[in-house]
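Here are my notes from going through the model, as numbered points. Have the viewer open while you read.

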Amino acid sequence: MRSTSACRNRSTRAGGLMPGPSPTSSHRGGPRNGGCPRRPLRPPQDGGCPEAPRSPSGGPPTPQGPPAAPVLARARPPTREGGGSGRPPPPLSRRSAAWGGRGGAARAEESPAGAPCRRGPMAGTEGGRDWAYRVDPYGFERPDDFDYASYEAFFSGYLVVLTRRAIKWSKLIKGKNSIQKSLKVKRYIRKGIPNEHRALIWMIVSGAQANMEQNPGYYHRLLEGEKNDKLVEAIKTDMNRTFPDNIKFRQTADPCLQDTLYNVLVAYGHHNKAVGYCQGMNFIAGYLILITKNEEESFWLLDALIGRILPDYYSPAMMGLKTDQEVLGELVKLKVPAVAELMERHGVMWTLVVSRWFICLFIDILPVETVLRIWDCLFYEGSKIIFRVALTLIKQHQAFILEATNFPDICDKFKQITKGAFVTECHTFMQKIFTEPGTLSMTTIDKLRETCREKLLSQG
(Lines give C-alpha, C1' and ligand atoms only; values in the text may rest on other atoms or scores of the structure.)
Protein backbone atom coordinates (compact mmCIF):
# COMPACT_ATOMS: atom_id res chain seq x y z
CA MET A 1 0.00 0.00 0.00
CA ARG A 2 1.68 3.15 -1.09
CA SER A 3 1.22 6.35 0.84
CA THR A 4 2.04 10.00 0.41
CA SER A 5 3.81 12.32 2.77
CA ALA A 6 1.52 15.31 2.54
CA CYS A 7 2.93 17.50 5.24
CA ARG A 8 6.11 18.06 7.12
CA ASN A 9 6.79 16.42 10.44
CA ARG A 10 5.46 17.91 13.61
CA SER A 11 8.60 19.53 14.98
CA THR A 12 7.08 22.93 14.25
CA ARG A 13 3.68 22.15 15.68
CA ALA A 14 1.38 25.04 16.47
CA GLY A 15 -0.46 24.52 19.68
CA GLY A 16 -4.00 25.17 20.68
CA LEU A 17 -5.94 27.54 22.84
CA MET A 18 -7.85 26.21 25.76
CA PRO A 19 -11.52 26.98 25.25
CA GLY A 20 -13.33 28.04 28.37
CA PRO A 21 -16.33 26.20 29.69
CA SER A 22 -19.66 27.30 28.38
CA PRO A 23 -22.18 28.66 30.85
CA THR A 24 -24.84 26.55 29.17
CA SER A 25 -23.24 23.13 29.07
CA SER A 26 -20.11 21.19 29.85
CA HIS A 27 -17.12 21.73 27.66
CA ARG A 28 -16.61 19.28 24.84
CA GLY A 29 -12.94 18.60 24.25
CA GLY A 30 -11.16 18.91 20.94
CA PRO A 31 -7.63 18.61 19.59
CA ARG A 32 -4.81 20.95 19.80
CA ASN A 33 -3.20 21.70 16.49
CA GLY A 34 -1.62 18.39 15.99
CA GLY A 35 0.35 18.13 12.80
CA CYS A 36 0.25 15.92 9.79
CA PRO A 37 2.33 13.03 8.55
CA ARG A 38 5.42 12.19 10.52
CA ARG A 39 7.63 11.60 7.52
CA PRO A 40 9.20 14.86 6.29
CA LEU A 41 9.02 15.87 2.66
CA ARG A 42 12.15 15.62 0.61
CA PRO A 43 13.63 19.02 -0.21
CA PRO A 44 14.48 19.78 -3.83
CA GLN A 45 18.11 19.49 -4.78
CA ASP A 46 18.52 23.25 -4.96
CA GLY A 47 17.23 23.67 -1.41
CA GLY A 48 14.30 25.74 -0.30
CA CYS A 49 10.81 24.31 -0.04
CA PRO A 50 9.64 20.72 0.27
CA GLU A 51 8.45 18.93 -2.81
CA ALA A 52 4.77 18.40 -3.48
CA PRO A 53 3.19 15.29 -1.96
CA ARG A 54 3.15 12.11 -3.94
CA SER A 55 0.00 10.24 -4.88
CA PRO A 56 -1.67 7.88 -2.41
CA SER A 57 -2.43 4.28 -3.17
CA GLY A 58 -5.68 3.48 -4.79
CA GLY A 59 -8.08 0.94 -6.15
CA PRO A 60 -11.44 0.90 -7.91
CA PRO A 61 -13.82 3.57 -6.61
CA THR A 62 -16.82 2.67 -4.53
CA PRO A 63 -20.10 4.51 -4.19
CA GLN A 64 -19.92 7.40 -1.78
CA GLY A 65 -23.50 7.22 -0.60
CA PRO A 66 -26.49 9.43 -1.33
CA PRO A 67 -26.27 13.21 -1.26
CA ALA A 68 -27.28 15.15 1.81
CA ALA A 69 -30.95 15.78 2.30
CA PRO A 70 -32.20 19.30 1.54
CA VAL A 71 -33.44 19.64 5.09
CA LEU A 72 -30.53 19.27 7.43
CA ALA A 73 -32.05 16.90 9.94
CA ARG A 74 -30.38 15.03 12.75
CA ALA A 75 -31.79 12.61 15.22
CA ARG A 76 -30.81 12.84 18.85
CA PRO A 77 -27.05 12.26 19.08
CA PRO A 78 -26.09 8.65 19.82
CA THR A 79 -24.24 7.76 22.96
CA ARG A 80 -20.68 8.99 22.75
CA GLU A 81 -18.05 6.33 22.49
CA GLY A 82 -14.55 6.36 23.86
CA GLY A 83 -13.26 6.05 21.32
CA GLY A 84 -3.63 45.82 6.18
CA SER A 85 -0.51 44.15 5.04
CA GLY A 86 2.76 44.18 6.84
CA ARG A 87 5.33 42.14 8.70
CA PRO A 88 3.88 39.59 11.11
CA PRO A 89 4.75 40.36 14.72
CA PRO A 90 7.73 38.33 15.94
CA PRO A 91 6.42 35.47 18.08
CA LEU A 92 8.22 34.31 21.20
CA SER A 93 8.49 30.94 19.55
CA ARG A 94 6.49 28.83 17.15
CA ARG A 95 5.02 26.88 20.00
CA SER A 96 4.64 29.48 22.72
CA ALA A 97 3.16 32.00 20.32
CA ALA A 98 0.45 29.50 19.54
CA TRP A 99 0.11 28.46 23.17
CA GLY A 100 0.84 24.83 22.73
CA GLY A 101 3.34 22.58 21.06
CA ARG A 102 5.08 19.40 21.88
CA GLY A 103 6.80 18.56 25.07
CA GLY A 104 5.59 18.86 28.62
CA ALA A 105 5.48 16.36 31.42
CA ALA A 106 5.68 12.77 30.32
CA ARG A 107 3.68 11.82 33.38
CA ALA A 108 1.07 14.52 33.01
CA GLU A 109 -2.42 13.52 33.98
CA GLU A 110 -5.53 14.61 32.14
CA SER A 111 -7.59 17.23 33.93
CA PRO A 112 -11.02 18.73 33.39
CA ALA A 113 -11.25 21.95 31.42
CA GLY A 114 -10.02 24.79 33.53
CA ALA A 115 -8.52 22.59 36.25
CA PRO A 116 -4.78 22.40 36.91
CA CYS A 117 -2.99 19.18 36.06
CA ARG A 118 0.06 18.82 38.24
CA ARG A 119 3.30 17.26 37.21
CA GLY A 120 3.88 14.04 39.08
CA PRO A 121 2.55 13.49 42.59
CA MET A 122 3.44 17.02 43.68
CA ALA A 123 3.66 20.24 41.75
CA GLY A 124 7.02 21.90 41.49
CA THR A 125 7.97 25.43 40.61
CA GLU A 126 8.20 25.87 36.86
CA GLY A 127 9.10 29.23 35.37
CA GLY A 128 8.24 31.08 38.59
CA ARG A 129 4.91 29.29 38.98
CA ASP A 130 4.30 26.65 41.64
CA TRP A 131 1.84 24.79 39.41
CA ALA A 132 0.98 24.65 35.75
CA TYR A 133 -1.77 23.48 33.46
CA ARG A 134 0.23 20.65 31.97
CA VAL A 135 -2.50 19.07 29.80
CA ASP A 136 -5.07 21.05 27.86
CA PRO A 137 -8.72 19.97 27.61
CA TYR A 138 -7.95 18.31 24.28
CA GLY A 139 -5.48 15.93 25.93
CA PHE A 140 -2.29 17.54 24.61
CA GLU A 141 0.64 18.26 26.89
CA ARG A 142 1.77 21.83 26.93
CA PRO A 143 5.45 22.69 26.49
CA ASP A 144 7.68 24.00 29.23
CA ASP A 145 7.77 27.40 27.50
CA PHE A 146 3.97 27.78 27.49
CA ASP A 147 3.24 31.51 27.30
CA TYR A 148 0.70 32.06 30.08
CA ALA A 149 0.79 35.85 29.86
CA SER A 150 -0.15 35.92 26.18
CA TYR A 151 -2.68 33.17 26.71
CA GLU A 152 -4.46 35.06 29.47
CA ALA A 153 -4.33 38.36 27.59
CA PHE A 154 -6.03 36.89 24.54
CA PHE A 155 -8.37 34.45 26.20
CA SER A 156 -9.85 36.93 28.67
CA GLY A 157 -11.44 38.67 25.69
CA TYR A 158 -12.21 35.55 23.67
CA LEU A 159 -13.99 33.95 26.60
CA VAL A 160 -16.63 36.67 26.33
CA VAL A 161 -17.13 35.74 22.67
CA LEU A 162 -17.37 32.02 23.49
CA THR A 163 -19.92 32.68 26.21
CA ARG A 164 -22.10 34.85 24.00
CA ARG A 165 -21.99 32.40 21.09
CA ALA A 166 -22.81 29.40 23.32
CA ILE A 167 -25.96 31.11 24.61
CA LYS A 168 -27.11 32.01 21.09
CA TRP A 169 -26.47 28.50 19.75
CA SER A 170 -28.30 26.88 22.64
CA LYS A 171 -31.35 29.02 21.88
CA LEU A 172 -31.12 28.21 18.15
CA ILE A 173 -31.08 24.42 18.51
CA LYS A 174 -33.05 23.99 21.74
CA GLY A 175 -35.74 21.38 21.33
CA LYS A 176 -34.88 20.79 17.67
CA ASN A 177 -33.49 17.74 15.93
CA SER A 178 -32.90 19.57 12.66
CA ILE A 179 -31.88 22.90 11.25
CA GLN A 180 -32.23 24.30 7.76
CA LYS A 181 -29.58 26.21 5.88
CA SER A 182 -30.27 29.91 6.14
CA LEU A 183 -28.48 33.23 6.30
CA LYS A 184 -28.88 33.17 10.07
CA VAL A 185 -27.29 29.73 10.41
CA LYS A 186 -24.50 30.77 8.03
CA ARG A 187 -23.86 33.87 10.12
CA TYR A 188 -23.81 31.85 13.32
CA ILE A 189 -21.35 29.37 11.87
CA ARG A 190 -19.02 32.09 10.67
CA LYS A 191 -18.98 33.51 14.18
CA GLY A 192 -18.04 30.12 15.59
CA ILE A 193 -19.69 26.95 16.84
CA PRO A 194 -19.14 26.27 20.56
CA ASN A 195 -17.33 23.00 21.16
CA GLU A 196 -20.33 21.47 22.92
CA HIS A 197 -22.36 21.84 19.71
CA ARG A 198 -19.65 21.20 17.10
CA ALA A 199 -20.22 17.51 16.50
CA LEU A 200 -23.96 18.01 16.12
CA ILE A 201 -23.66 20.94 13.71
CA TRP A 202 -20.84 19.42 11.64
CA MET A 203 -22.85 16.23 11.19
CA ILE A 204 -25.97 18.13 10.11
CA VAL A 205 -24.57 20.74 7.77
CA SER A 206 -22.07 18.45 6.02
CA GLY A 207 -24.68 15.85 5.10
CA ALA A 208 -22.85 13.25 7.19
CA GLN A 209 -25.87 12.73 9.43
CA ALA A 210 -28.16 12.11 6.46
CA ASN A 211 -25.72 9.58 4.98
CA MET A 212 -25.33 7.78 8.30
CA GLU A 213 -29.09 7.52 8.76
CA GLN A 214 -29.61 6.31 5.18
CA ASN A 215 -26.95 3.60 5.60
CA PRO A 216 -27.71 2.01 8.99
CA GLY A 217 -25.16 -0.58 10.08
CA TYR A 218 -22.91 0.11 7.07
CA TYR A 219 -19.95 1.31 9.14
CA HIS A 220 -19.98 -1.78 11.35
CA ARG A 221 -20.30 -4.09 8.34
CA LEU A 222 -17.13 -2.53 6.93
CA LEU A 223 -15.29 -3.38 10.15
CA GLU A 224 -16.64 -6.93 10.17
CA GLY A 225 -15.79 -7.63 6.52
CA GLU A 226 -12.64 -9.01 4.93
CA LYS A 227 -9.66 -6.70 5.26
CA ASN A 228 -6.97 -5.62 2.81
CA ASP A 229 -3.73 -6.64 4.52
CA LYS A 230 -1.63 -3.91 2.90
CA LEU A 231 -4.14 -1.24 3.89
CA VAL A 232 -4.24 -2.50 7.47
CA GLU A 233 -0.44 -2.58 7.70
CA ALA A 234 -0.12 0.98 6.37
CA ILE A 235 -2.59 2.24 8.96
CA LYS A 236 -0.96 0.33 11.82
CA THR A 237 2.38 1.86 10.91
CA ASP A 238 1.02 5.33 11.57
CA MET A 239 -0.83 4.61 14.80
CA ASN A 240 1.98 5.43 17.20
CA ARG A 241 2.93 8.48 15.15
CA THR A 242 -0.48 10.09 15.53
CA PHE A 243 -0.48 12.81 18.20
CA PRO A 244 2.30 11.28 20.35
CA ASP A 245 1.97 14.13 22.84
CA ASN A 246 -1.74 13.57 23.34
CA ILE A 247 -2.41 11.41 26.37
CA LYS A 248 -5.68 10.15 24.84
CA PHE A 249 -3.85 8.54 21.91
CA ARG A 250 -1.29 6.68 23.99
CA GLN A 251 -1.47 2.93 24.33
CA THR A 252 -1.66 3.35 28.10
CA ALA A 253 -4.84 5.46 27.83
CA ASP A 254 -8.17 3.96 28.83
CA PRO A 255 -9.87 4.07 26.45
CA CYS A 256 -7.05 4.38 23.94
CA LEU A 257 -8.12 6.50 20.97
CA GLN A 258 -5.62 4.66 18.78
CA ASP A 259 -8.17 1.85 18.67
CA THR A 260 -10.93 4.21 17.58
CA LEU A 261 -8.67 5.85 15.01
CA TYR A 262 -7.68 2.46 13.60
CA ASN A 263 -11.32 1.48 13.16
CA VAL A 264 -12.23 4.72 11.40
CA LEU A 265 -9.30 4.56 8.98
CA VAL A 266 -9.73 0.86 8.20
CA ALA A 267 -13.44 1.30 7.58
CA TYR A 268 -12.87 4.32 5.37
CA GLY A 269 -10.10 2.60 3.40
CA HIS A 270 -12.50 -0.20 2.51
CA HIS A 271 -15.38 2.19 1.88
CA ASN A 272 -13.42 4.41 -0.51
CA LYS A 273 -10.98 2.10 -2.26
CA ALA A 274 -10.01 4.84 -4.71
CA VAL A 275 -8.28 6.52 -1.77
CA GLY A 276 -7.49 3.64 0.58
CA TYR A 277 -5.22 5.28 3.10
CA CYS A 278 -3.00 8.32 2.67
CA GLN A 279 -0.72 9.78 5.30
CA GLY A 280 -2.37 12.85 6.69
CA MET A 281 -5.77 11.20 6.93
CA ASN A 282 -4.82 9.92 10.39
CA PHE A 283 -4.51 13.45 11.75
CA ILE A 284 -7.73 14.65 10.13
CA ALA A 285 -9.56 11.61 11.50
CA GLY A 286 -7.91 12.18 14.88
CA TYR A 287 -9.30 15.71 15.03
CA LEU A 288 -12.76 14.41 14.18
CA ILE A 289 -12.56 11.75 16.89
CA LEU A 290 -11.56 14.25 19.55
CA ILE A 291 -14.47 16.50 18.63
CA THR A 292 -17.23 13.92 18.08
CA LYS A 293 -16.10 11.30 20.62
CA ASN A 294 -17.89 8.85 18.34
CA GLU A 295 -16.12 6.70 15.77
CA GLU A 296 -19.09 6.17 13.45
CA GLU A 297 -19.73 9.92 13.26
CA SER A 298 -16.02 10.49 12.64
CA PHE A 299 -16.17 8.01 9.76
CA TRP A 300 -19.08 9.82 8.08
CA LEU A 301 -17.48 13.23 8.62
CA LEU A 302 -14.24 11.93 7.07
CA ASP A 303 -16.32 10.73 4.14
CA ALA A 304 -17.93 14.18 3.84
CA LEU A 305 -14.50 15.84 3.72
CA ILE A 306 -12.66 13.45 1.44
CA GLY A 307 -15.56 12.23 -0.64
CA ARG A 308 -17.39 15.50 -1.31
CA ILE A 309 -15.91 18.69 0.15
CA LEU A 310 -12.33 18.15 -1.08
CA PRO A 311 -12.61 17.09 -4.73
CA ASP A 312 -9.96 14.48 -5.62
CA TYR A 313 -7.44 15.69 -3.06
CA TYR A 314 -6.58 12.12 -2.07
CA SER A 315 -7.11 10.30 -5.37
CA PRO A 316 -4.07 8.50 -6.83
CA ALA A 317 -3.29 11.36 -9.21
CA MET A 318 -4.25 14.00 -6.61
CA MET A 319 -5.67 16.00 -9.49
CA GLY A 320 -8.02 17.96 -7.25
CA LEU A 321 -5.18 19.05 -4.99
CA LYS A 322 -2.99 20.09 -7.92
CA THR A 323 -5.89 21.90 -9.54
CA ASP A 324 -6.79 23.89 -6.42
CA GLN A 325 -3.20 25.00 -5.94
CA GLU A 326 -3.25 26.38 -9.49
CA VAL A 327 -6.62 28.00 -8.77
CA LEU A 328 -5.07 29.77 -5.79
CA GLY A 329 -2.32 31.05 -8.07
CA GLU A 330 -4.92 32.49 -10.44
CA LEU A 331 -6.79 34.10 -7.56
CA VAL A 332 -3.58 35.67 -6.27
CA LYS A 333 -2.99 37.13 -9.75
CA LEU A 334 -6.40 38.79 -9.49
CA LYS A 335 -6.29 39.92 -5.88
CA VAL A 336 -2.61 40.25 -4.93
CA PRO A 337 -0.85 40.66 -8.30
CA ALA A 338 2.47 41.84 -6.84
CA VAL A 339 2.89 38.55 -4.95
CA ALA A 340 1.97 36.56 -8.06
CA GLU A 341 4.60 38.44 -10.03
CA LEU A 342 7.21 37.75 -7.34
CA MET A 343 6.44 34.01 -7.43
CA GLU A 344 6.68 33.93 -11.22
CA ARG A 345 9.90 35.96 -11.32
CA HIS A 346 11.68 33.52 -9.00
CA GLY A 347 10.11 30.40 -10.48
CA VAL A 348 8.36 29.31 -7.27
CA MET A 349 5.50 26.90 -7.91
CA TRP A 350 2.49 27.26 -5.65
CA THR A 351 2.58 23.57 -4.74
CA LEU A 352 5.91 24.17 -2.98
CA VAL A 353 4.46 26.65 -0.49
CA VAL A 354 0.79 25.79 -0.03
CA SER A 355 0.33 22.03 -0.58
CA ARG A 356 0.32 21.44 3.19
CA TRP A 357 -2.31 24.12 3.66
CA PHE A 358 -4.69 22.28 1.37
CA ILE A 359 -4.11 18.60 2.03
CA CYS A 360 -3.82 18.95 5.82
CA LEU A 361 -6.64 21.50 6.13
CA PHE A 362 -4.25 23.74 8.08
CA ILE A 363 -3.43 21.12 10.73
CA ASP A 364 0.12 21.85 11.92
CA ILE A 365 -0.08 25.15 10.08
CA LEU A 366 -2.38 27.27 12.26
CA PRO A 367 -3.32 27.05 15.96
CA VAL A 368 -5.98 24.50 16.77
CA GLU A 369 -8.75 26.90 17.74
CA THR A 370 -8.26 28.70 14.44
CA VAL A 371 -8.27 25.40 12.57
CA LEU A 372 -11.54 24.37 14.20
CA ARG A 373 -13.13 27.71 13.35
CA ILE A 374 -12.03 27.20 9.74
CA TRP A 375 -13.52 23.70 9.76
CA ASP A 376 -16.83 25.09 11.07
CA CYS A 377 -17.14 27.06 7.84
CA LEU A 378 -15.59 24.35 5.67
CA PHE A 379 -18.30 21.84 6.57
CA TYR A 380 -21.03 24.40 5.84
CA GLU A 381 -19.72 26.40 2.88
CA GLY A 382 -17.36 23.95 1.22
CA SER A 383 -13.83 24.14 -0.11
CA LYS A 384 -13.94 27.84 -1.03
CA ILE A 385 -13.12 28.48 2.65
CA ILE A 386 -9.62 27.10 2.04
CA PHE A 387 -9.09 29.76 -0.63
CA ARG A 388 -10.39 32.49 1.66
CA VAL A 389 -7.94 31.50 4.39
CA ALA A 390 -5.01 31.25 1.97
CA LEU A 391 -5.78 34.59 0.31
CA THR A 392 -6.15 36.29 3.67
CA LEU A 393 -2.76 35.05 4.85
CA ILE A 394 -1.13 36.24 1.63
CA LYS A 395 -2.91 39.57 1.31
CA GLN A 396 -2.51 40.49 4.98
CA HIS A 397 1.25 39.96 4.75
CA GLN A 398 1.81 41.17 1.20
CA ALA A 399 4.48 43.72 2.14
CA PHE A 400 6.34 41.13 4.21
CA ILE A 401 6.31 38.56 1.40
CA LEU A 402 7.50 41.14 -1.13
CA GLU A 403 10.67 41.64 0.93
CA ALA A 404 11.84 38.24 -0.32
CA THR A 405 14.72 38.41 -2.77
CA ASN A 406 15.25 34.76 -3.72
CA PHE A 407 13.64 31.33 -3.90
CA PRO A 408 14.43 30.08 -0.35
CA ASP A 409 13.47 33.44 1.11
CA ILE A 410 10.01 33.25 -0.46
CA CYS A 411 9.52 29.80 1.05
CA ASP A 412 10.56 31.09 4.45
CA LYS A 413 8.16 34.04 4.21
CA PHE A 414 5.27 31.68 3.57
CA LYS A 415 6.18 29.77 6.72
CA GLN A 416 6.38 32.92 8.79
CA ILE A 417 2.97 34.28 7.79
CA THR A 418 1.28 31.36 9.55
CA LYS A 419 2.70 32.40 12.94
CA GLY A 420 2.00 35.16 15.40
CA ALA A 421 -0.94 36.97 16.92
CA PHE A 422 -2.81 37.46 13.63
CA VAL A 423 -3.53 33.72 13.26
CA THR A 424 -3.72 33.01 16.98
CA GLU A 425 -6.53 35.47 17.67
CA CYS A 426 -8.97 33.23 15.88
CA HIS A 427 -12.12 35.33 16.17
CA THR A 428 -10.52 38.35 14.51
CA PHE A 429 -8.84 36.11 11.95
CA MET A 430 -12.14 34.54 10.93
CA GLN A 431 -13.70 37.97 10.51
CA LYS A 432 -10.81 38.86 8.21
CA ILE A 433 -11.19 35.87 5.89
CA PHE A 434 -14.64 37.10 4.88
CA THR A 435 -13.53 40.68 4.20
CA GLU A 436 -9.85 40.67 3.19
CA PRO A 437 -10.14 38.63 -0.04
CA GLY A 438 -13.28 40.43 -1.19
CA THR A 439 -15.94 38.68 -3.28
CA LEU A 440 -15.22 34.99 -3.88
CA SER A 441 -18.03 32.83 -5.22
CA MET A 442 -18.11 29.10 -5.94
CA THR A 443 -19.03 29.98 -9.51
CA THR A 444 -15.71 31.77 -9.92
CA ILE A 445 -13.81 28.92 -8.28
CA ASP A 446 -15.54 26.28 -10.40
CA LYS A 447 -14.69 28.15 -13.62
CA LEU A 448 -11.06 28.46 -12.57
CA ARG A 449 -10.99 24.78 -11.62
CA GLU A 450 -12.19 23.79 -15.05
CA THR A 451 -9.56 25.93 -16.78
CA CYS A 452 -6.71 24.85 -14.49
CA ARG A 453 -7.64 21.19 -14.70
CA GLU A 454 -7.62 21.28 -18.51
CA LYS A 455 -4.22 22.97 -18.41
CA LEU A 456 -2.78 20.31 -16.09
CA LEU A 457 -4.19 17.47 -18.18
CA SER A 458 -2.74 18.96 -21.34
CA GLN A 459 0.68 19.06 -19.68
CA GLY A 460 0.42 15.34 -18.94
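1. Met318 is buried, with a relative accessible area of 1%. Keep in mind that this is a predicted model. The residue sits in the loop between H10 and helix H11 (319-335). Its backbone deserves a look too: phi of Met318 is near 50°, a positive value in a residue other than glycine.

2. Lys293 is another residue to check for phi, which is near 55° here, again positive and again not in a glycine. You'll find Lys293 in the loop between helix H9 (281-292) and helix H10 (295-309). Is Lys293 buried or partly exposed? Its relative accessibility is 27%, so Lys293 counts as partly exposed.

3. While you're on backbone geometry, go to Asp254 and Pro255. A cis peptide bond joins the two, with omega at about 0°. Pro255 belongs to the loop between helix H7 (229-239) and helix H8 (257-271).

4. That H7-H8 loop also holds Arg250, which pairs with Glu141 in the loop between helix H1 (94-97) and H2. Their side chains meet in a salt bridge at 3.2 Å, N to O. The pair links distant parts of the chain, 109 residues apart. As for cover, Arg250 counts as partly exposed at 22% relative accessibility, while Glu141 counts as buried at 3%.

5. Which side chain meets that of Asp303 in a salt bridge? Arg308 does, at 3.5 Å, N to O. Asp303 has 0% relative accessibility, so it counts as buried. Arg308 comes out at 30% and therefore counts as partly exposed.

6. Next, Asp324 and Arg449: their side chains form a salt bridge at 2.7 Å, N to O. Asp324 is in helix H11 and Arg449 in helix H20, so to speak a link between distant parts of the chain, with the two positions 125 residues apart. Both Asp324 and Arg449 are buried. There is also a network: salt bridges that share partners join Arg190, Glu381 and Lys384. A search of the whole structure finds 14 salt bridges.

7. Lys413 is one I'd click on, given its surroundings. This lysine lies in helix H17 (residues 407-416). Why is Lys413 classed as buried? Its relative accessible area is 9%, and buried means under 20%. Leaving aside neighbours within four places in sequence, Lys413 is in contact with Phe400, Ile401, Glu403 and Ala404.

8. For electrostatics, colour the surface by charge and look for a positive patch formed by Arg164, Lys168, Lys171, Lys176, Lys184, Arg187 and Lys191. Helix H2 (148-173) and helix H3 (183-190) are the elements that give two or more residues to the patch. H2 supplies the largest share, three residues. Lys191, one of the patch members, lies in the loop between H3 and helix H4 (195-206). With a relative accessible area of 37%, Lys191 is partly exposed.

9. Over to Gly438, in the loop between helix H19 (426-433) and helix H20 (442-459). Which residues does Gly438 touch, not counting those up to four places away in sequence? The answer is Lys335 and Arg388. From Gly438 to Thr392 the C-alpha to C-alpha distance is 9.6 Å, and the two are 46 residues apart in sequence. Gly438 is partly exposed, with a relative accessible area of 28%.

10. Finally, the whole-chain numbers. The protein chain has 20 helices and two strands. Of its 460 residues, 57% count as buried. The chain exposes about 18,400 Å², and carbon and sulfur atoms supply 52% of that area.

Technical notes:
Residues numbered from 1 in each chain as written. Predicted model: local features only at pLDDT ≥ 70, side-chain atom pairs only at ≥ 80, totals over all residues. Heavy atoms only, no water. Helix = DSSP H or I, 4+ residues; strand = E, 2+ residues; numbered from the N terminus. Buried < 20%, exposed > 50% of the residue type's maximum accessible area, 1.4 Å probe, protein only. Contact = heavy atoms within 4.5 Å. Patch = residues over 30% accessible without salt bridge, like charges linked within 9 Å, V, L, I, M, F, W, Y side chains within 5 Å. Areas by Shrake-Rupley, 256 points an atom, 1.4 Å probe, with all protein chains shown as cover. Salt bridge = Lys/Arg side-chain N within 4 Å of Asp/Glu carboxyl O. Lys, Arg positive; Asp, Glu negative; His and termini not counted. Charge placed at Lys NZ, Arg CZ, Asp CG, Glu CD.
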